[in-house]
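Here is a quick tour of a structure, taken topic by topic. Have a look around it first, then read on.

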Number of protein chains: 2
Amino acid sequence: MVAQQTLGAEHMKTFQKRGFPVDQTRRYLEPGPIVLVSSHWQGESNIMTMGWHMMLEYDQIGCYIWDENHSFDLIRKSKQCVINLPTIDLIDTIVGIGNSSGAEIDKFVTFGLTQTASDKVSVPMIKECYANFECRLEDGSMIARRGLFIWRVVKAHVARTPQYPTTVHYRGHGIFMVSGRHINLRRKFKPQNL
Amino acid sequence: MVAQQTLGAEHMKTFQKRGFPVDQTRRYLEPGPIVLVSSHWQGESNIMTMGWHMMLEYDQIGCYIWDENHSFDLIRKSKQCVINLPTIDLIDTIVGIGNSSGAEIDKFVTFGLTQTASDKVSVPMIKECYANFECRLEDGSMIARRGLFIWRVVKAHVARTPQYPTTVHYRGHGIFMVSGRHINLRRKFKPQNL
């Protein structure tokens with residue numbers, strides 16, 4: 001609750017969220033946005049910035065985590081995480097989280113982010129994000145060899161508005177692409193391919 | 001060469017491409033665009049539309065391919081593919097390729113796409129795409145269980161201009177997000193984190 005009183009939180013958006021079907025997770029993650037992964041293990045919470053993730057089933061996500069990252073052990077040991085979807089207004093926070101280590105600072109406090117209790121995992125969600133996907137480890141067989149965690153989304157929370165969040169997508173070298181307009185080509189799809 | 005004379009090719013962009021460092025592949029794929037995956041096995045070529053992919057190393061890519069997809073066997077047997085990056089001008093082609101099967105049509109011919117010989121794999125590249133990443137299978141251990149192919153990029157070709165391609169990113173249900181503006185936050189990064 002301390003985080004709500006820090007400087008950072010004052011200019012952050014707040015979203016009214018509702019439960020969302022976990023098998024529709026692709027609507028927000030398939031476009032490839034940068035996400036903030038929150039973690040918790042034995043009293044310690046952390047957040048990392050992540051761009052290397054993909055859909056593997058409609059309710060499963062693969063993600064790469066470098067074993068030098070402070071979050072790696074928290075996530076590996078707890079077998080849980082929350083994938084939080086930030087919007088463009090959090091861009092400085094996204095960069096700041098990626099450029100600092102949970103070994104040195106409490107990122108929720110430093111960046112003025114608010115912890116919200118998850119429903120199905122023991123990891124805090126980030127209130128200021130547009131969406132939160134609570135995840136449990138589905139398959140850890142590729143962690144040691146490739147840093148690849150395979151998650152099952154067990155609960156999803158998505159903001160009621162706007163319909164499409166303005167997300168940021170990383171190109172490396174400090175360059176971010178910001179999501180643009182949307183086009184609906186539904187009429188050109190076979191129904192079974194939608 | 002027939003493909004160049006079809007209707008579709010007339011309104012397509014052509015790009016002047018150059019070799020590009022394979023360990024910089026993230027600059028184009030990390031933002032999460034829809035890609036066109038070309039394949040070839042025993043005289044048959046095919047193309048599929050793909051949105052489920054991620055960076056796993058700076059020169060490695062993971063991607064999910066459904067085993068019911070006609071491309072699945074071609075790719076599994078050849079252990080090769082080319083990941084082609086289309087731009088917004090190819091949106092109807094992207095949708096058309098995703099809504100048809102190589103079991104029934106020759107997609108290069110039907111969609112008026114031009115095959116260009118790759119340098120290091122025996123799979124045709126798509127000339128009309130902004131970039132082409134020639135890939136060899138790095139790890140097939142997750143194919144049977146999860147449909148997950150892990151590729152090493154062995155040669156990359158990227159257009160000289162524009163600096164940033166206008167890509168499309170899929171949300172499911174026929175909705176595409178189009179890439180927008182770019183922001184450079186390099187000054188806010190620690191050098192080792194760029």
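## Ground rules and confidence

A residue counts as buried here when its relative accessible area is under 20%, and as exposed when that area is over 50%, with partly exposed in between. By that cut-off A:Phe149, at 0% relative accessibility, is buried.

Keep in mind that this is a predicted model. Its scores are an ipTM of 0.93 and a pTM of 0.94. For chain A the average pLDDT is 94, and 94% of the residues reach at least 70. The stretch to treat with care is residues 1–9 of chain A, where pLDDT stays under 50. For those residues the model has 14 contacts beyond four places in sequence.

## How the two chains meet

Let's turn to the interface. Chain A and chain B each put 60 residues into the contact, and between them they bury about 5,800 Å². Carbon and sulfur atoms account for 55% of that area. On the chain A side, A:Trp52, A:Arg171 and A:His173 lose the most area to chain B, together making up 16% of what that side buries.

There is plenty of polar detail to look at too. The interface of chain A and chain B has 6 salt bridges, and 34 residue pairs are in polar contact across it, counting those with both residues at pLDDT 80 or more. Going by elements, strand E12 (residues 175–184) of chain A gives the most to the side that touches chain B, with 10 residues. For a salt bridge to zoom in on, try the one between the side chains of B:Asp139 and A:Arg145, at 2.9 Å from N to O.

## Aromatic rings

Over all chains, the whole structure holds 20 aromatic pairs. One of them is A:Tyr58 with B:Trp52, an edge-to-face pair at 5.4 Å centre to centre with 80° between the planes. A:Tyr58 sits in the loop between strands E4 (53–57) and E5 (60–64) of chain A, while B:Trp52 sits in the loop between strands E3 (44–50) and E4 (53–57) of chain B, so this pair joins two chains. The partners differ in burial class: A:Tyr58 is partly exposed at 43% relative accessibility, whereas B:Trp52 is buried at 9%.

Then there is A:Phe149 with A:Trp151, a stacked pair at 5.7 Å centre to centre and 10° between the planes. A:Trp151, like A:Phe149, is buried, with 0% relative accessibility. Elsewhere, ring pairs link A:Phe15, A:Phe20, A:Tyr28 and A:Tyr130 into a cluster.

## Backbone oddities

Which peptide bond is cis in chain A, from A:Thr161 onward? It is the one from A:Thr161 to A:Pro162, with omega near -5°. A:Pro162 belongs to the loop between strand E10 (148–159) and strand E11 (168–170) of chain A. In chain B, a cis peptide bond joins B:Thr161 and B:Pro162, with omega about -5°, and B:Pro162 is in the loop between strand E10 (148–159) and strand E11 (168–170) of that chain.

A couple of phi angles deserve a glance as well. A:Lys79 isn't a glycine, yet its phi is positive, at about 60°. You'll find A:Lys79 in the loop between helix H2 (70–78) and strand E6 (80–85) of chain A, and it is partly exposed, with a relative accessible area of 47%. A:His173 also has a positive phi of about 60° without being a glycine. A:His173 lies in the loop between E11 and E12 of chain A and is partly exposed at 24%.

Notes: Residues numbered from 1 in each chain as written. Chains lettered and ligands numbered in written order. Heavy atoms only, no water. pLDDT = per-residue confidence, 0-100. Contact = heavy atoms within 4.5 Å. Phe/Tyr/Trp six-rings, centres within 6.5 Å; stacked < 30°, edge-to-face > 60°. Helix = DSSP H or I, 4+ residues; strand = E, 2+ residues; numbered from the N terminus. Buried < 20%, exposed > 50% of the residue type's maximum accessible area, 1.4 Å probe, protein only. Buried area = accessible area lost by both parts, 1.4 Å probe. Salt bridge = Lys/Arg side-chain N within 4 Å of Asp/Glu carboxyl O. Polar contact = N/O pair within 3.5 Å; in protein donor to acceptor, adjacent residues only side chain to side chain.
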